Amino acid sequence: MANLEARYRDPTAQNPSKATTSGGSGVCMMSTTWRDEQHLSFINFISSFLSANAFRLNFVPIAPDFIFNCGGLSVAFIFVTNLDSKFISPMFSRVQKLKGQFAHLYVVVVLPTKEQNELFVHSYFKHGMELGKPTFVPVEDLEMGFEKIVKIALSRGVCKRQDVITKLKAERKQSVQAMDVFLRVLTSIPGIENHDANALNQAIGSIEAIAKASKEYILQNTDLSADKAEIISRFFRDPNFYMSPKINRSEKQMTTN
């Protein structure tokens, strides 16, 4: 363990573009129990790496070893830094328990030797693990393991933000389409223009609400004239009116002249 500090790479050197970033990626919560089982040099590496990637680090008594809050999404991690045959069964039991508590759970396992890799593969199937539920990430060393954890958390956060943006765009498109239909319906009423339709939308709301509004209510809450308020009221209430041919006033005056 004495050589651990010398082995750790400089996290800011690996991520120079991130080194000057301040507080933007999210929050990393580290289990106090897990922290106390690690070499201090590794904890210092983690702290520096998180700082270089704009994460805030908190020490919390949590069940997983790490929980990252990134892009509005929580991602939990179990980080097995030393695979020992004595702790295989408790590790897989813990995995089974936590996968039912966290929708996004990853298990990162350090496997530096061929023997440890074979032990892990044999134990994985022996304990009846289901592929991908949760996802196991084997790595060769501690630093690589934590780098994988941060990359996974960041990528899941990006996916979450993209989903949110996609939903917002879809909602915006639906809103624009709905407003377009709203305007087409109201401007089909003789004498009602876009300005009038927008005024009705802001003051009263939906077409259903406008249909139920009285002439007096329209006059009190919009800048429409009495004639237009009367037309709107009649349009939604009088079948003889809304089923008759629509001739605007200018055309009617031309015919009369």
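A salt bridge here is a side-chain nitrogen of Lys or Arg within 4 Å of a carboxyl oxygen of Asp or Glu. With that cut-off, the structure above, which is a predicted model, holds 5 salt bridges. We will come back to some of them, but let us begin with how far the model can be trusted.

The mean pLDDT of the protein is 78, and 75% of its residues reach 70 or more. Confidence peaks in helix H3 (residues 32-36), at a mean of 95, and is lowest in helix H13 (residues 249-256), at 41. Two stretches deserve some caution as you look around. Over residues 1-23 the pLDDT stays under 50, and the model has 34 contacts for them beyond four places in sequence. Residues 245-257 also stay under 50, with 7 such contacts.

Now turn to helix H4, which covers residues 40-52. Its 13 residues reach 18 Å from the first C-alpha to the last, close to the 18 Å expected at 1.5 Å a residue. Which residues of H4 are buried? They are Ser41, Phe42, Ile43, Phe45, Ile46, Phe49, Leu50 and Ala52.

Two of these names, Ile46 and Leu50, return when we look at the largest nonpolar core, which has 30 residues. Together with Phe66, Phe68, Phe77, Phe79 and Phe146, they touch the most other members of that core. The elements that give two or more residues to this core are strand S1 (26-31), H4, strands S2 (55-60), S3 (66-70), S4 (73-80), S5 (105-110) and S6 (135-139), and helix H7 (142-187). H7 supplies the largest share, with 7 residues. Apart from this core lies another, of 21 residues, which includes Leu83, Leu98, Leu105 and Leu111.

Phe79 is a good place to stop and look at the contacts of one core residue. Leaving aside residues up to four places away in sequence, Phe79 touches Trp34, Phe42, Asp65, Phe66, Val108, Val110, Leu142, Gly145, Phe146 and Ile149. Phe42 in that list is one of the buried residues of H4, while Phe66 and Phe146 are among the core members that touch the most others.

Next, follow the chain out of H4. Asn53 is found in the loop between H4 and S2. Is Asn53 buried or exposed? Its relative accessibility is 3%, so it counts as buried. The side chain of Asn53 reaches back to the backbone oxygen of Phe49, at 2.8 Å; Phe49 is itself a buried residue of H4. Ala54 sits in the loop between H4 and S2 as well, and it has a feature that a torsion plot would flag. Most residues other than glycine have a negative phi. Ala54, however, takes a positive phi of about 65° just after H4. Ala54 is also buried, because its relative accessible area is 3%, under the 20% cut-off.

Beyond the loop comes strand S2, where Arg56 is placed. In contrast to the two buried loop residues, Arg56 is exposed, with a relative accessible area of 51%. Arg56 touches Gly26, Val27 and Cys28, not counting residues up to four places away in sequence. For a sense of distance, the C-alpha atoms of Arg56 and Asn69 are separated by 9.9 Å, with their positions 13 residues apart along the chain.

That brings us back to the salt bridges. Side chains of opposite charge can pair when their charged atoms come close. Arg35 pairs with Asp36, and their closest N and O atoms are 3.1 Å apart. In this pair Arg35 is partly exposed at 26%, and Asp36 is exposed at 57%. Glu130 and Lys133 form another salt bridge, with the closest N and O atoms 3.6 Å apart. Here Glu130 is partly exposed at 42%, and Lys133 is partly exposed too, at 48%.

A further salt bridge joins the side chains of Asp196 and Lys228, at 2.8 Å from N to O. Why does this pair tie together parts that are 32 residues apart in sequence? Asp196 lies in helix H8 (residues 194-203) and Lys228 in helix H11 (residues 226-237), so the bridge links those two parts. Asp196 counts as buried, with 4% relative accessibility, whereas Lys228 is partly exposed at 21%.

Definitions and conventions:
Residues are numbered from 1 along each chain as its sequence is written. This is a predicted model: local features need pLDDT of at least 70, side-chain atom pairs count only at pLDDT 80 or more; totals for chains, interfaces and linings use all residues. Side-chain values use heavy atoms; hydrogens and water are left out. Helices (H or I, at least four residues) and strands (E, at least two) are DSSP runs, numbered from the N terminus. The expected span of a helix is 1.5 Å times one less than its number of residues. Buried means under 20% relative accessible area, exposed over 50%, partly exposed in between (1.4 Å probe, protein chains only). A nonpolar core is a set of buried Ala, Val, Leu, Ile, Met, Phe, Trp, Tyr and Cys residues joined through side-chain atoms within 4.5 Å. Contact means heavy atoms within 4.5 Å. A polar contact is a pair of N or O atoms within 3.5 Å; within protein, one must be able to donate a hydrogen and the other to accept it, and residues adjacent in sequence count only if both atoms are side-chain atoms. pLDDT is the predictor's confidence in each residue, from 0 to 100.
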